[in-house]
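Subject: Structure handover and notes

Dear colleague,

I am passing on the structure we spoke about, followed by my notes on what I found in it. Please read them with the coordinates open beside you.

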Amino acid sequence: MGKSIGDVGVEDLVGAGLSVEEAKGFQRHLKDSIFKVSRNSDNGEEPVDPKKLWRELAAQKLLKPWHPHALHQLIYYSVYHNYDESTNGPPIYWFPSLYQSKNTNLGRLMETHCRKLLGALYKDPIASFRLFHRFSVEQPEVYWSIVLGHLSIKFLKAPNCILDTSDKSKHAGKWFPGSVLNIAECCLIPSSCPKKQDDSLAIIWRNEGCDDLDVSQMTLRELRELVMLVANALAAKFSKGDAIAIDMPMTATAVTIYLAIVLAGLVVVSIADSFAAQEIATRLRVSKARAVFTQDFILRGGRRVPLYSRVVEAAPYEAIVIPASGKELTVQLRRQDLSWNDFLSSVCNLPSSNYFTPAYQPIDSVTNILFSSGTTGEPKAIPWTQHSPIRSAGDTWAHIDVQEGDVFCWPTNLGWVAGPILLYSCFLSGGTLALYHGSPLGRGFGKFIQDAGVTILGTVPSLVKTWKSTGCMNGLNWTKIRTFATAGEASSIDDDLWLSSKAYYSPIIECCGGTELASAYIQGNPLQPQAFAAFSSASMSTSFVILNENGLPYPDDQACVGEVGLFPLYMGATNRLLNADHEEVYFKGMPLYKGMQLRRHGDIVKRTIGGFLIVQGRADDTMNLGGIKTSSVEIERVCNQAHDGILETAAVSTPPPNGGPEMLAVFVVLKEGISADPDLLKMKFSRAIQSNLNPLFKVSFVKIVPEFARTASNKLLRRVLRDQLKQDLNTRSKI
């Protein structure tokens with residue numbers, strides 16, 4: 001995009017997809033906007049301020065969602081043609097208005113409380129955001145006591161206090177000590193704040209292939225009665241505290257099962273439906289699961305993908321099997337397994353089958369076991385307590401601005417942290433959960449977003465790239481979306497430009513966090529300007545430093561790159577792991593800062609001029625493939641066995657030169673006297689990884705080298721390989 005905005009002519013607009021008449025009209029409005037901004041500018045003869053011009057163009061809605069993407073590219077990149085990021089920070093595409101800010105959850109909270117909390121220093125939600133954020137870090141117990149009043153939280157026994165820091169072994173603090181509740185019950189009962197009634201819509205969904213049918217709906221009362229029915233069936237078979245796995249797509253039925261397990265005082269074991277049998281078996285073993293809920297098949301993209309057979313291969317545990325479509329199963333069950341219908345029929349005839357007394361437990365009771373890959377090969381088993389949903393919902397309430405009546409959709413799975421976060425964010429904030437039972441890659445999903453009236457759409461960058469490249473969403477109306485969110489992997493600026501344009505440049509809230517945090521530690525928010533593929537701040541009540549190579553923190557206002565060190569006091573963060581040493585994983589070797597032992601997260605973060613944050617990869621050997629964290633050790637274990645001539649492999653990943661999701665590369669050292677074709681190895685590696693680890697993973701690049709660079713202690717220098725990969729990819733992109 002080589003032109004400045006003042007030089008864009010009719011021929012350029014025609015080249016971007018407009019007709020001649022459309023181009024003439026567009027150019028006339030464009031020149032009017034340039035003149036208006038220039039006339040109101042404070043710098044006289046200086047070139048027009050690109051931020052002010054883009055803000056004006058977005059406010060006037062000159063660019064329409066149905067305009068060709070080439071036109072959006074032409075205008076955006078031309079506006080910022082001469083923009084210097086090194087002195088100005090990233091280009092801004094979204095600016096909050098004062099009116100908008102005062103109608104956000106966080107803005108209303110600030111308008112109500114900050115004149116008392118901050119005194120004369122408080123101005124308004126936009127001008128005072130950083131000041132209030134600092135207050136939330138310094139006095140998190142005050143912040144969370146206020147937020148708690150805006151979520152659908154009902155304690156059977158109220159907490160003794162908000163925060164107790166007397167136990168120094170609990171780095172994250174003891175939050176709401178002494179309280180007793182059932183967090184699933186909180187999701188299911190009416191409340192006045194947020195306003196949530198029995199006839200409020202709890203879940204809306206559509207099955208793939210039913211694009212022309214009305215969306216299905218379930219009210220809060222209907223959901224509660226179904227959850228209680230399932231809880232009665234669970235209580236008849238299992239004991240309080242038993243671990244029960246869910247390995248199936250995130251359907252309305254899966255959500256019901258999840259809530260029922262928690263309501264009954266059992267523990268959910270989250271397993272993603274994409275895992276191979278070996279990975280399922282590992283998670284069932286580590287969690288000591290008693291049973292697993294699954295489906296006979298997964299219906300996705302018009303295909304039937306076996307799921308029950310993978311669960312059978314994984315372990316002899318009892319399985320309760322739900323039909324992917326219709327009411328009858330299409331597989332033969334083992335003797336110990338039950339169909340969904342038979343499971344429910346055991347309690348259907350009870351006089352009060354739709355009523356269940358919740359299992360009330362202390363707030364630090366475990367409700368969910370999730371998994372996150374480390375660098376040791378076995379996934380870390382992360383226990384979520386009842387704190388975790390409060391943190392999840394509180395952060396989405398503040399940053400993504402989930403409000404009463406919002407329709408929130410985020411294609412994910414209960415096996416990943418985004419699944420439970422989405423569930424609790426809707427039900428504890430008064431929003432409606434929107435689910436598409438099928439593949440999110442095609443037009444059917446996009447039409448569901450349109451027909452369901454989705455107002456908040458969560459994404460993964462890989463999905464956005466597919467939507468943009470295939471054109472499958474062309475002609476759909478997504479203008480009811482007021483906020484996008486994205487997480488899981490690095491975003492691409494141009495893909496985000498495409499996405500935001502589909503709703504008149506609504507903001508995309510970037511989120512980066514971890515399962516062990518139950519939230520994102522850096523996020524965008526509706527009170528600060530937003531830049532594509534960047535985070536505008538730490539999340540509320542969260543703080544961190546960026547460490548240099550000597551483990552010393554950079555000044556908070558300095559542009560820099562380094563490893564993140566989180567402040568340890570963190571509501572909702574884990575205090576233990578089930579199969580690893582929590583202290584060693586998250587704290588050992590981290591420096592002290594102002595008397596605090598910093599918490600390890602592992603991200604390398606760049607802080608730009610202007611304070612934006614960009615994640616640049618991992619400090620350890622964990623990689624992020626398609627939004628799924630996995631370890632290089634797992635990849636290498638499989639690749640080493642894929643060809644007899646391999647001596648050793650090293651797996652690394654990096655975003656492509658122009659940004660976007662990480663690409664997996666495998667470096668190979670062959671046995672002496674052996675030769676092999678890199679393309680053949682790439683095919684073998686991809687097949688082995690997909691069958692043994694995850695069918696969503698693919699190898700993008702294979703390079704055969706004579707040996708690997710190592711330290712004196714024989715540790716592999718992955719950073720050297722990663723730098724070599726970046727250099728090779730940059731060279732390829734220029735050819």
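Which residues of α4 are buried? Please keep in mind, here and below, that this is a predicted model. The buried residues in α4 are His69, Leu71, His72, Gln73, Leu74, Ile75, Tyr76, Ser78 and Val79. Nine of the eleven residues of this helix are thus buried, so α4 is largely enclosed by the rest of the structure. The elements against which its buried residues pack are α1 (10-15), α2 (20-39), α3 (50-60), α19 (461-470) and α20 (493-501).

Within this helix, which spans residues 69-79, I looked at histidine 69 in particular. Histidine 69 has a relative accessibility of 18% and therefore counts as buried, the cut-off being 20%. Leaving aside residues up to four places away in sequence, histidine 69 touches Lys468, Asp494, Leu497 and Trp498. Histidine 69 also lies 8.5 Å from serine 501, C-alpha to C-alpha, although 432 residues separate the two in sequence.

A second enclosed helix is α13 (residues 277-287), where eight of the eleven residues are buried, so that this helix too is largely enclosed by the rest of the structure. The buried residues of α13 are Ala277, Glu279, Ile280, Thr282, Arg283, Leu284, Val286 and Ser287. Of these, arginine 283 places its charged end over the ring of phenylalanine 371, at 5.4 Å from the ring centre. After α13 comes lysine 288, which has a positive phi near 55°. Another case of a charge and a ring is lysine 61, which lies over the face of tyrosine 504, 4.6 Å from the centre of the ring.

Turning to the aromatic residues, I found 25 aromatic pairs in the structure. One of them is formed by phenylalanine 132 and phenylalanine 135, which are stacked, with 6.0 Å from centre to centre and 15° between the planes. These two phenylalanines, 132 and 135, belong to helix α8 (residues 129-138), where they are three residues apart, or about one turn of the helix, and both are buried. Tyrosine 258 and tyrosine 424 make an edge-to-face pair, with 6.0 Å from centre to centre and 75° between the planes. This pair links distant parts of the chain, with tyrosine 258 in helix α12 (residues 252-263) and tyrosine 424 in helix α17 (residues 418-427), 166 residues apart. Tyrosine 258 and tyrosine 424 are both buried. In addition, ring pairs join Trp54, Tyr76, Tyr77, Tyr80, Tyr83, Tyr93, Tyr505 and Phe532 into a cluster; Tyr76, one of these, is also among the buried residues of α4.

How do α9 and α16 pack, and which residues meet there? Helix α9 (residues 140-148) and helix α16 (residues 387-400) pack at an angle of about 85°, with 11 Å between their axes, and the two are therefore roughly perpendicular to each other. On the α9 side the contact involves Tyr143, Trp144, Val147 and Leu148, which meet Ile390, Arg391, Gly394, Asp395, Trp397 and Ala398 in α16. By class, the residues of this contact comprise seven nonpolar, one polar and two charged.

Finally, some details of the backbone may deserve a look. The peptide bond from cysteine 193 to proline 194 is cis, with omega near 0°, and proline 194 is placed in the loop between β4 (191-192) and β5 (195-196). Alanine 533, although not a glycine, has a positive phi of about 60°, and is found in the loop between β23 (519-523) and β24 (537-538). Its relative accessibility of 17% means that alanine 533 counts as buried. Lysine 594, likewise a residue other than glycine, has a positive phi near 50° and is found in the loop between β27 (592-593) and β28 (596-597). Is lysine 594 buried or exposed? With a relative accessible area of 70%, lysine 594 is exposed.

With best wishes

Definitions and conventions:
Residues numbered from 1 in each chain as written. Predicted model: local features only at pLDDT ≥ 70, side-chain atom pairs only at ≥ 80, totals over all residues. Heavy atoms only, no water. Phe/Tyr/Trp six-rings, centres within 6.5 Å; stacked < 30°, edge-to-face > 60°. Helix = DSSP H or I, 4+ residues; strand = E, 2+ residues; numbered from the N terminus. Buried < 20%, exposed > 50% of the residue type's maximum accessible area, 1.4 Å probe, protein only. Lys NZ or Arg CZ within 6 Å of the ring centre and 35° of its normal. Axes fitted to C-alpha atoms, helices over the stretch in contact; angles between N-to-C directions. Parallel < 35°, antiparallel > 145°, perpendicular 65-115°, else oblique. Contact = heavy atoms within 4.5 Å. Nonpolar A, V, L, I, M, F, W, Y, C, P; charged D, E, K, R; others polar.
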